[in-house]
Amino acid sequence: MAMNKSLSKTRLIESVTEISLLVILILAPILASGQLWAATPDLADIPVETLERLGLFHSVLEWPEDAPATICGLSQGGFALLTEAQQLWTVRWNESQFDRGESQSVPLKGKPSCMLEWDKGIFVIGSDLGELVLWDARESKVLRRWDGWGSPWEPVALSQYEDPITAGNKKETSVSRLLVADRIQGRVLKLDIDSGVLLHSWNGFIDPTAISVFEDQIRVSDRGWHRVISCMPGEDQGRFDQGLGDHGAAPGLFAGPWGLEIISRNWMLVSDRDNHRIQVLGRHGMAMHHWGLHSLIPRESNGRLHYPEEIVFDRDNMHVAVLEPSERRVQVFSVRDPEMAADPAESWQRVDLVSHFGESWAIDHGDESFLLVVVEPDSERISILDHRQQSPTEIDDVGGHGTKVTRFRTPSGVDFMHRPGYPRFVVSDRGNRRLQMFEVRRPPSALVVREPWITAFIRSVDLSQLAAMTPGWNSDVDPIPGAVACLKDGQIAVVDQGQPRILLLNDQFRALGLLGETAGLKKISAISEDGNGLLVADSSAQKIVRLGLDGSVKVIHSGSVDGVSVQPAGVARHADGSIWWTDSKGHRLLKTNEDSGETLVILGDTVGENRMKTGERDLYRPAALRITKDGKVWILDQGNHRGVVLDKEGVLKHFGSATYLPNAKIGTPTKGES
Amino acid sequence: MNPEYEKSEGPGWWIMALLVISLVLGLALLLLVGCQPLSPSVRSVEEVPFEMVKVASDQILMVTGDRSYRVLLNIPEQLPENEEFTVSGTVFDADGPVSDEVRVHFDAGMPQHGHGLAIDVDTERSVKGEFLTPGVRFHMKGRWLLTVDIAEGPHFERARAWVSVK
């Protein structure tokens, strides 16, 4: 009996065990899948198959007369756009297209730099002169205004973050905080929006461009690091070593990452500005998909991208709005139909970065002048060209992304020195906060043969260290070098973009002094040597100013020309005594008589006549300007990727990308315009 | 029957003479162009006086671009291919050997081939301006560009010289 009882007990235990195992076997996959599902709810929201098909060109919205400056998403779908003339537009999805509503004027001191819808109809707006405004679009009034915290700063990106409030170990609730990226001091700030109190900051950024928040993730794109960087609560630095991406053209790498939208727990969109594409990246950096390709013909849209910056993901309508300030437009992309073939451009494999003329160039001052050096922002290089041919020929280049000597992280200015012997040029490097000097060891008589070694590095200086050890240069913010001008007496002038002032150094990069601190300058975009002084272009104050080395200040030009507001981007004095300058906003070359104050339009006076702006007398966002001893005016026609040379007889010569030259045969660039 | 052209007169002697003269002139021009050096693909010592001057058979005197520093580099006269060796040297400024605070880094590369040393090297500073870089290996034949970087406070300069691995 006892044995039978024992047997039945054993059978019972075996049965229970078998049933348990059976239950576990049946339930385990279900539970596991449930767990998986719970862990990745976003995949249910936006399936990977959908993300893979993002990038179908839908439409384009243009603001040809007033350049768009910043966009942000709206809580009820669509996006808001603020122009340089401070007009706020709301753009809503209406059945099958985005429609612009009425615009309203927002009073700002400077050019809008960033925007965020804080609450329904309430916007936080930043400007390049270091101000933040809380704007009620329903009542058209300013609710609050901050001018910073006593030291120079410039808000360039905004986001909203739910800061958890905990009691003991238990999370109870959260409070909304404002995150602001400060370009000047390279940091991300967490602010209390009601009081403006600074609660926390993450430091160590070089050139932050966007912030995006999803649940507890805070990520920041930085075009100096060329990475997307995480900020963790409680830490005081971004996690730069763990950042996603680096400099390059392959999928997953960036050249100037700008707009950033985390669209789910695992996926984000990044606008890869200088690679002219939008990338879909996984949270661990996996490059899933990208779309976009540099416009082949001027002003081309139709899905082609040209320096895409901010992006907005409209989850309700599954659209991506991409702001291209250089083309004054927003392109809208949607999800491609599964049956529709992908644009060949999407599957095109890039092998290298495309070379472009940047904002700066310089020409050597020798009696037999033959060198042209050009800043190439896409590849962070300086190209050295022999300019005597009809189309300048590259003979060497220096740079590439990096911190080591001879490399750059955002080269921002260049000029040749006045000296006998081999020509030398100075490059300012905003990201590395330094100047570097190079010598081109080639006489003008040498044959034009490309050699990878003729440009020798001579010296560099770390401006942060130099400022720290120089009385009067020290400030809360390390110098951020911008435009460079080399004077005939050997002095080197460098714009400090961190605060409107000019640093003066000798030809050994030893500190000499400061200039322009009290000249009322706002944003110095260009400088050039002018005898015993400097000509200064101020893009924000709309001024051309002459600063004497003795401290004198003379305003050469101020305000609009022919009723059109200006944005000076290049300046130089002509041999005839007049002052020539470029206006990147009005696409013009202007000439001012210093004595009479009269300003004439020399080129680019064809507003409204040629939409492409690639005609012989057209310019599109002209930048640097140089005038050689023989009276030739060299204009960097940046928006057209070409150079324009105007000689004393008024004859024009163009060189650069073939499709942007005046006589290029090109077709109609756009379709689907709204 | 002979073909018609056999009866025709051949080219005149003056045409033949012109052809010969053209050929001789063409050959002479080709020889001239072919012999002309592709200046400055190989720079002469006169162009950059100090960079290639050898002080002893196993030393090279290098000068920074602005002549602020001179570097006396100890390097084998017959450079071994694909073998590790140590490079040492002394850095001088106008007052003699540089101070111990001055940072020095030796490196090398082949610009024409777009590469540096296959294995990165570290440079150790020593007293009296001296430095030592072990583990240098030129992994292929050809012209190598040597660089010595000298950093003092915020300032940074470079001396460079060419050597050849045969």
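This is a short selection-by-selection tour of a predicted model, from one strand of chain A to the contacts between chains A and B.

**Stop 1: strand β20 of chain A**

Select residues 277-282 of chain A, which make up strand β20. Are these residues buried or exposed? Six of the six are buried, so the strand is largely enclosed by the rest of the structure. Now colour the two faces separately. One side carries A:Arg277, A:Gln279 and A:Leu281. The other carries A:Ile278, A:Val280 and A:Gly282. Both faces are covered.

**Stop 2: the strands paired with β20(A)**

Add residues 267-272 of chain A, strand β19. This strand runs antiparallel to β20(A), and six bridges pair the two. For a landmark, pick A:Val270, which stands opposite A:Gln279. Four residues separate the two strands, giving a hairpin. Click on A:His276 in that turn: its phi is positive, about 55°.

Next add residues 287-291 of chain A, strand β21. Here the pairing with β20(A) is again antiparallel, with four bridges. The landmark is A:Val280, facing A:His289 across the pair. This is a hairpin as well, with four residues between the strands. In its turn A:Gly285 has a positive phi of about 100°.

**Stop 3: the nonpolar cores**

Move to chain B. Select B:Met62, B:Val71, B:Leu73, B:Phe106, B:Phe138, B:Leu146 and B:Val148. These residues touch the most other members of the largest nonpolar core, which has 29 residues. Which elements give this core two or more residues? They are β1 (59-63), β2 (70-74), β3 (84-93), β5 (103-110), β8 (130-137), β9 (142-152) and β10 (155-165) of chain B.

Centre on B:Val71 and show its contacts. Beyond its neighbours within four places in sequence, B:Val71 meets B:Ile60, B:Leu61, B:Met62, B:Thr90, B:Val91, B:Phe131, B:Val148, B:Ile150 and B:Ala159.

A second core lies apart from this one and has 22 residues. Its members include A:Phe370, A:Ile395 and A:Val398 from chain A, and B:Trp162 from chain B.

**Stop 4: the interface of A and B**

Show both chains. Contacts link 29 residues of chain A with 21 residues of chain B. The buried area between them is about 2,200 Å², with 52% from carbon and sulfur atoms. Select A:Arg441, A:Trp453 and A:Phe457. Together they supply 31% of what chain A buries against chain B, more than any other three residues.

Now turn to the polar side of the interface. Three salt bridges cross between the chains. One to display is A:Arg459 with B:Glu157, at 2.9 Å from N to O. Seven residue pairs are in polar contact, both residues at pLDDT 80 or more. On the chain A side, β32 (455-462) and α5 (463-468) each supply at least two of the residues that touch chain B. The most come from β32(A), with eight residues.

**Stop 5: the sheet shared by both chains**

Finish in cartoon view. Trace β29(A)-β30(A)-β31(A)-β32(A)-β10(B)-β9(B)-β5(B)-β6(B). This is an open sheet of eight strands with antiparallel pairing. Which strands are at the edges? They are β29 (411-416) of chain A and β6 (115-116) of chain B, each pairing on one side only.

Zoom in on β29(A). Five bridges pair β29(A) with β30 of chain A (residues 424-429), in the antiparallel sense. End on A:Val414, with A:Val427 of β30(A) opposite.

Methods: Residues numbered from 1 in each chain as written. Chains lettered and ligands numbered in written order. Predicted model: local features only at pLDDT ≥ 70, side-chain atom pairs only at ≥ 80, totals over all residues. Heavy atoms only, no water. Buried < 20%, exposed > 50% of the residue type's maximum accessible area, 1.4 Å probe, protein only. Pairing = 2+ DSSP bridges. Core = buried A, V, L, I, M, F, W, Y, C linked by side-chain atoms within 4.5 Å. Contact = heavy atoms within 4.5 Å. Buried area = accessible area lost by both parts, 1.4 Å probe. Salt bridge = Lys/Arg side-chain N within 4 Å of Asp/Glu carboxyl O. Polar contact = N/O pair within 3.5 Å; in protein donor to acceptor, adjacent residues only side chain to side chain.
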